[in-house]
Amino acid sequence: MTAGRPKRHHYVPQFYLRRFACADDPNKVRVAEQHRDYLVTDRKSIDRIGYEDALHDYREDGATRSIEGDLNRVIETPFAASSTWTKVSDGAFETLDDSDRVPIYGFARHLQRRNLETLRFIEAENERFRAGGLALDLDDEEADMHEWIAASAQGAHALFREGAMDTSLPPDAHAINVMVCHSPIALRSSTNPTLLISTPGRQSVFGSLFNDLRTWWLTLDRYWGAFIIAGGPPGFSNLPMPADAARVINRQYLVQHQNSMSVRYMLSDDELLDEDLAWAGYRFERQTTHGARWLKPKPIA
C-alpha cells in the first residue's frame, strides 16, 4: 500500500482470471510462465499475475495521482455486476444473446486497451518515431500524435491512461458480429486475453474468409469463448466449436506468449499443452513440483 492506495495494479481483472481457477483451489490458476531461457508450467495465485506495481499512477502538479480507483469504480465493478458477466460467471452461456453482443465487444476492447502490452507497444513505437524509423509509415494525424507523446516524459503513459479509461465505443460497434463458441477441449487464455486473429490485408489462420475482416478472440472460461468480428455483416450466434478450431486458438495464445513484449503468463490447464510446446520448438527438460520446465527455442539467425 502507498498512502492508502494499493501498489499492485492489475491490468487483467481478477474476476476474469477466476474463470480459469484450479478445480481444487479457487485462488490459483495453472500457467505457463516465461523465465529467461525457460518456460515453466506451474500454479500461481490469481492476485500474483496480470499486474504491475503502480501501473496506473502518474505525476501531476507535483503530486502522485492514479486511475486505479477510477478503473475499478467506472469500469470493472459495473461490468462484473452486469447481466452479461452474471451469465458468464454462472456458467449460463447458453442464455447469452444479442443483448450481450455489444457488452462482450466492449469488454474485449477494454481488456486490450488497458493491457500492459499496449503501454509497451506505445513506448516502443514512439522510440521508433524519435529515431526516425516511422516517418514513412505515418499519416499527418499519427505523426501529430507521436509528436505529442514525445513532448512529455509521461506522454506514452498519458495515452495509455486515456485508452484504459475510455468507456465509449466506436461508431460501428452496433454493426459488430459476435460468435459465442463452446469448445470440446479446454481453452487457453493469457495475461493479454484479447487475441487478434485477423486483420485486413494479412492472411488469416482461419482461412481466406477472414482475410478482409478484423477479428478478435476472447476466451470467457475454460470451455467457452467468443469471436468478435468487424467488417462483415452484424449478428450474434451461439454455437459449438470444432476441436481443430479450438486447437488453432490455443496455439495462437502460445505464439502470442512466445513473441510478446510483456505477456509473461499463459493460462493453460489442458492435456495438449506438452504437444503444442514441442510443436512451437520448446524442448522438455525436467518435471518440477507442480509442473515442468522447458528450454526455449533458439532464435533463428
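## Salt bridges across the chain

Let's start with Arg43 and Asp24, which form a salt bridge in this predicted model, their closest N and O atoms lying 3.2 Å apart. Arg43 belongs to strand E4 (residues 38-45), while Asp24 sits in the loop between strand E2 (21-22) and strand E3 (25-35), so the bridge ties together parts that are 19 residues apart in sequence. The two partners fall into separate accessibility classes: Arg43 has 22% relative accessibility and counts as partly exposed, whereas Asp24, with 58%, counts as exposed because the cut-off for that class is over 50%.

A second bridge joins Asp166 to Arg113, and here the closest N and O atoms are 2.8 Å apart. This pair links distant parts of the chain, 53 residues apart: Asp166 is in the loop between helix H7 (155-165) and strand E8 (177-182), and Arg113 is in helix H4 (residues 101-113). Asp166 is partly exposed, with a relative accessible area of 27%, and Arg113 is partly exposed with a value of 27%. In total, the model holds 23 salt bridges.

## A buried pair and its network

What about Arg188 and Asp276: are they buried or exposed? Both residues are buried. Their salt bridge brings the closest N and O atoms to 3.0 Å. Once again the pair links distant parts of the chain, with Arg188 in the loop between E8 and strand E9 (189-190) and Asp276 in helix H9 (residues 273-279), 88 residues apart.

This bridge also has company. Arg188, Arg247, Arg251, Asp270, Glu275 and Asp276 are joined into one network by salt bridges that share partners.

## The largest pocket

If you are thinking about empty space, the largest pocket offers about 1100 Å³. It is lined by 29 residues, and the closest to its centre are Gln112, Leu195, Leu196, Arg214 and Trp216.

Which elements build this lining, each with at least two residues? They are H4, helix H5 (116-130), strand E10 (194-198), strand E11 (214-221) and helix H8 (243-259). By class, the lining of the largest pocket divides into twelve nonpolar, twelve polar and five charged residues.

## The second largest pocket

The second largest pocket contains about 630 Å³ of space. Of its 19 lining residues, Phe121, Ile122, Met145, His146 and Leu159 are the closest to the centre.

Here H4, H5, helix H6 (140-150) and H7 each supply at least two residues of the lining. H6 gives the most, with five residues. The lining of the second largest pocket is made up of eight nonpolar, four polar and seven charged residues. Helices H4 and H5 are worth a second look, as they are listed both for the largest pocket and for the second largest.

## Asn115, between H4 and H5

Where does Asn115 lie? This residue is in the loop between H4 and H5. Asn115 has a relative accessible area of 0%, so it is buried, the cut-off for that class being under 20%.

Leaving aside residues up to four places away in sequence, Asn115 touches Tyr11, Val12, Phe160, Thr191, Asn192 and Pro193. One of these contacts, Phe160, falls within the residue range of helix H7 (155-165).

Technical notes: Residues numbered from 1 in each chain as written. Predicted model: local features only at pLDDT ≥ 70, side-chain atom pairs only at ≥ 80, totals over all residues. Heavy atoms only, no water. Salt bridge = Lys/Arg side-chain N within 4 Å of Asp/Glu carboxyl O. Helix = DSSP H or I, 4+ residues; strand = E, 2+ residues; numbered from the N terminus. Buried < 20%, exposed > 50% of the residue type's maximum accessible area, 1.4 Å probe, protein only. 1 Å grid on protein atoms, 1.4 Å probe; cavity = no way out; pocket = protein on both sides within 12 Å on 5 of 7 lines; lining within 4 Å. Points joined across faces, edges and corners; volume = space filled by probe spheres on them. Nonpolar A, V, L, I, M, F, W, Y, C, P; charged D, E, K, R; others polar. Contact = heavy atoms within 4.5 Å.
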